[in-house]
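Me: I have a structure to go through. Can we take it in short questions and answers?

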Amino acid sequence: SQTVFYGAVITPDSLSHYSAYPRCLLCVGASGDIDWLAEDVHDSAVQDVLAQHGAQDAAFVELKHGEFLMPGFVDTHTHAPQVPNIGSGGQDELLDWLSNTTFPMEAKFADVDFARRAYSSVVRRFINSGTTTCCYYGTLHLEATKILADIVHSYGQRAFVGKCNMDRSSPADYVEPSATASVAATEALIAHIRALAGPPLVQPVLTPRFAISCTPPLLTALGALARADPSLLVQTHISENVAEVAFVRRLFPECASYADVYDRFGLLGARTVLAHAVHLDDEEVHLVKERDAGVSHCPTSNFNLRSGICNVGNLLDHGIKVGLGTDVSGGFSTSIITAIQHASTASKVLAFQAPAASLKLSPPALIGAPVVPTFSGRQLPLATLLHMATLGGAHVCGLQHRVGSFAQGKAFDALLVDLRDSAGNLGLWGVDGDRELGIGEGARGTLGAMLERFFFTGDDRNVRRVYVQGRWIGGAEQRR
Ligand code: GUN
Ligand code: ZN
């Protein structure tokens with residue numbers, strides 16, 4: 001049971017380049033992997049190409065003008081139990097916001113019925129936003145986080161699911177009793193997730209909430225778990241807010257920096273996902289690069305909680321892996337489209353506000369060769385936004401060989417995007433977008449314009465179908 005799609009396809013190649021094919025044949029095999037692609041096939045040659053591949057009997061999906069396929073979004077950082085809080089609490093900065101808004105909501109997930117109801121709609125919402133791979137934080141509760149993993153698994157999304165480790169600096173009714181209990185619950189969650197039936201789309205992830213909420217014995221034990229099982233991903237927060245950084249320095253006076261805390265405990269490696277990284281100093285940037293850890297850029301949250309602006313261009317110029325995260329409910333949207341918009345705005349603010357600072361080169365003594373700024377001090381190009389939202393995010397969570405772009409042998413994790421309004425027009429509502437906005441047939445520039453329009457004016461209504469591992473699991477068409 002193969003499926004062949006015929007129409008426009010957009011896929012990232014690198015930070016600076018993407019490919020866009022107006023007439024692509026893309027064949028998905030029974031396993032859900034991509035069997036083959038033919039990049040430019042004229043209408044009259046379609047049957048011949050299908051015959052060449054022995055795919056005459058495949059189900060055939062022809063895309064209309066205004067539709068295209070792209071890889072699904074990778075959300076490298078979000079909090080499933082905070083979705084009920086979305087859009088509230090943004091008057092506080094991070095530490096007050098955690099106390100006043102976040103911990104009281106997360107504490108409710110002690111109730112497994114509440115957890116089941118909440119997570120059922122939360123996961124549906126992330127899928128319909130176009131997120132095919134999601135790095136989820138649960139709460140500190142084992143049972144509720146098992147339920148989260150079960151729901152993600154049953155809906156067919158690809159994901160990492162972790163329960164928060166937090167045994168200090170937290171409210172009395174929302175804190176783990178000991179490092180030992182925290183680690184035991186973590187091991188139980190890992191076993192539960194690895195026992196789920198079928199292809200392993202859901203994987204466990206170690207989730208020390210942040211350095212502030214973990215005692216040294218807890219960090220030590222988690223570092224040992226990570227060392228013993230190199231297949232485990234680690235996700236945490238780093239250097240999001242100035243008061244948070246100061247608190248970490250007080251709690252870990254023996255460490256040289258926030259990044260050094262995670263490094264000393266064996267939690268900074270090639271499979272570590274660091275959310276935010278807004279206030280890293282130069283030495284921390286080099287340490288993150290040296291360890292090959294990835295950064296989850298969460299600009300919606302960084303604006304909303306007044307945390308600051310991450311200099312993503314500088315991280316990219318240092319060769320650090322960067323993906324996007326929604327960080328709900330620090331961020332007020334479950335959609336990576338919103339993160340793309342804010343990542344673009346953040347880069348524009350840096351470009352016009354502090355050109356001298358953002359173009360600053362790292363001291364050559366620290367790194368040997370000077371870093372040539374390609375991205376620093378400039379707005380992020382469309383290709384870079386696409387990359388961070390898909391393949392870059394896949395790199396951050398170690399899935400770059402499976403997802404994030406379209407290539408033979410990769411999983412078909414994809415969005416069928418539909419830019420037409422309910423009257424079938426492209427672009428502005430009530431205007432004949434096809435003609436008046438210059439979106440015509442063919443050329444690569446045309447598909448680029450469509451992608452840009454999707455990123456800056458699109459939402460979940462334009463995410464018509466969501467596929468993971470070849471399976472159609474959500475999107476607006478199922479809601480019609
Ligand atoms: N740092 C520690 N916990 C959290 C959280 O839940 N959200 C954000 N944005 N930062 C954190
Ligand atoms: Zn977060």
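The questions below start with the whole chain and end at single residues.

Me: How many helices and strands does the chain have?
Reply: Keep in mind that this is a predicted model. The chain holds both kinds of element, and its count is 19 helices and 17 strands.

Me: What radius of gyration does the chain have, and what would a compact globule have?
Reply: The chain has 480 residues, and a compact globule of that length would have a radius of gyration near 23 Å. The C-alpha trace spans about 70 × 55 × 40 Å along its principal axes. The chain's value agrees with the globule rule: it is 22 Å.

Me: What percentage of the residues in the chain is buried?
Reply: A residue is buried if 20 or more other C-beta atoms lie within 10 Å of its own. Of the 480 residues in the chain, the buried ones make up 52%.

Me: Among contacts between residues at least 6 apart in sequence, what percentage joins residues at least 24 apart?
Reply: Two residues are in contact if their C-beta atoms lie within 7 Å. Among the contacts you ask about, the share that joins residues at least 24 apart is 73%.

Me: Into which domains is the chain divided, and how many Å apart are their C-alpha centres?
Reply: Domain 1 takes residues 3-71 + 404-479, and domain 2 takes 73-396. The distance between their C-alpha centres is 30 Å.

Me: Which element gives the most residues to the side of domain 1 that touches domain 2?
Reply: The contact between the two domains takes 27 residues from domain 1 and 29 residues from domain 2. On the domain 1 side, the elements that give two or more residues are helix H18 (444-457), strand S16 (463-468) and strand S17 (471-474). The most come from one of these, with five residues: H18.

Me: How does the side of domain 1 that touches domain 2 divide by class?
Reply: Three classes are counted here: nonpolar, polar and charged. The split is 12 nonpolar, 10 polar and five charged residues.

Me: Which helix gives the largest share of the shell around ligand 1?
Reply: The shell consists of His79, Leu94, Leu98, Thr102, Arg209, Phe210, His237, Glu240, Ser301, Asp327 and Gly330. By class, these residues are three nonpolar, five polar and three charged. The largest share is three residues, and it comes from helix H2 (residues 94-107).

Me: Is Asp327 buried or exposed?
Reply: Asp327 is part of the shell around ligand 1. Its place is in the loop between S14 and H12. Asp327 has a positive phi of about 45°, although it is not a glycine. Because it has 31 C-beta neighbours inside 10 Å, Asp327 counts as buried.

Me: Which residue does a cis peptide bond join to Val328?
Reply: Most peptide bonds are trans. Here omega is about 0°, and the bond is cis. The partner is found in the loop between strand S14 (321-324) and helix H12 (336-353). The residue joined to Val328 is Ser329.

Me: What is the phi of His276?
Reply: His276 is found in strand S12 (residues 272-276). His276 counts as buried, because it has 30 C-beta neighbours inside 10 Å. Its phi is positive in a residue other than glycine, near 90°.

Me: How far apart are the end C-alpha atoms of helix H6?
Reply: H6 (residues 216-228) has 13 residues, and at 1.5 Å a residue they should span 18 Å. The model agrees, with the end C-alpha atoms apart by 18 Å.

Me: Which elements cover the buried residues of H6?
Reply: The buried residues in H6 are Leu218, Leu219, Ala221, Leu222, Gly223 and Ala226. What covers them includes strand S9 (164-165), helix H5 (179-194), strand S10 (202-208) and strand S11 (233-238).

Me: Which residues does His297 touch, leaving out those up to four places away in sequence?
Reply: His297 is in strand S13 (residues 294-297). His297 is buried, because 33 other C-beta atoms lie within 10 Å. With those sequence neighbours left out, His297 touches Cys310, Val312, Val322, Leu324, Gly325, Ala343 and Met388.

Me: Where is Arg461, and how exposed is it?
Reply: Arg461 is found in the loop between H18 and S16. Because 13 other C-beta atoms lie within 10 Å, Arg461 is partly exposed.

Terms used: Residues are numbered from 1 along each chain as its sequence is written. Chains are lettered from A and ligands numbered from 1 in the order in which they are written. This is a predicted model: local features need pLDDT of at least 70, side-chain atom pairs count only at pLDDT 80 or more; totals for chains, interfaces and linings use all residues. A residue is near a molecule or strand if its C-beta atom, placed from the backbone, lies within 6 Å of it. Helices (H or I, at least four residues) and strands (E, at least two) are DSSP runs, numbered from the N terminus. Ala, Val, Leu, Ile, Met, Phe, Trp, Tyr, Cys and Pro count as nonpolar, Asp, Glu, Lys and Arg as charged, and the others, Gly among them, as polar. The radius of gyration is taken over C-alpha atoms; the globule rule is 2.2 Å times the number of residues to the power 0.38. A residue is buried if 20 or more other C-beta atoms lie within 10 Å of its own, exposed if 12 or fewer, and partly exposed in between; C-beta atoms are placed from the backbone. Domain bounds come from an automatic or database domain assignment. The expected span of a helix is 1.5 Å times one less than its number of residues.
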